Amino acid sequence: MALILLATDGSVHSLEAARHAIDLATEGDHSLHVLSVVDSRKFDEPALSTGELATIDAEDHGYEHVSRIVTMATAAGISVDATTCHGVPHECILEYATDLDADRIVLGAHGEHREHLGGVGRQVEASASCAVDVVDAGA
């Protein structure tokens, strides 16, 4: 069974990427893994501070979006696993894809992170050892 890794951040582009990944999984014999990365450059792990509250909020946002995608995939009859991690987004996506031996990575063209204009997508596309679909919400 082929494996698709969907990297998501809750943006409009990542929601369109989720639809694309679910369509791909539905068309083929694919399982779906969903990954949300809390950007450690923006949200670190300070103890007992307002920064900690911002990190918790970012985690909650990731979990909520992942849960929404899991619901969408499950409704489409797709086998899905999901996780949230902390780190530099493109590094975490590539590492997770390698660990899973993913056949394809799907992510949005722009997202809710500091590297806009497709920075994360470009970095993943340039370094991935599998196929990468960078999905634009306007497409």
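The following exchange concerns helix α3 and the strands around it in a predicted model.

Residues are numbered from 1 along each chain as its sequence is written, and side-chain values use heavy atoms, with hydrogens and water left out. In this predicted model, local features need pLDDT of at least 70 and side-chain atom pairs count only at pLDDT 80 or more, while totals for chains, interfaces and linings use all residues.

Me: What makes residues 89–100 a helix, and what span is expected of α3?
Reply: Helices are DSSP runs of H or I with at least four residues, strands are runs of E with at least two, and both are numbered from the N terminus. Helix α3 has twelve residues. The expected span is 1.5 Å times one less than the number of residues; α3 reaches 16 Å from its first C-alpha to its last, close to the 16 Å expected. Just after α3, Asp101 takes a positive phi of about 60°.

Me: Why is Cys92 called buried?
Reply: Buried means under 20% relative accessible area, exposed over 50%, and partly exposed in between (1.4 Å probe, protein chains only). Cys92 has a relative accessible area of 13%, and is therefore buried. Pro89, His90, Ile93, Leu94 and Ala97 are also among the buried residues of α3.

Me: Which elements do the buried residues of α3 pack against?
Reply: They pack against β1 (2–8), β2 (30–39), β3 (80–87), β4 (104–108) and α4 (119–127), where contact means heavy atoms within 4.5 Å. Of these strands, β2 has nine of its ten residues buried, and β4 has four of its five buried.

Me: How do you know that Cys85 and Cys92 form no disulfide?
Reply: A disulfide is a pair of cysteine sulfur atoms within 2.5 Å. The sulfur of Cys85 is 3.8 Å from the closest cysteine sulfur, in Cys92, and is therefore too far for a bond. A search of the whole structure finds zero disulfides.

Me: What makes β1 and β2 a pair?
Reply: Two strands pair if DSSP finds at least two bridges between them. Seven bridges join β1 to β2, and the two run parallel; Leu5 has His33 in β2 as its bridge partner.

Me: How many bridges support the other pairings?
Reply: Eight parallel bridges link β2 and β3, with Val37 partnered by Cys85 in β3. Four join β1 to β4, also in parallel, and Leu6 has Val106 in β4 as its partner. Five bridges pair β4 with strand β5 (residues 131–135) in the parallel sense, where Ile105 stands opposite Val132.
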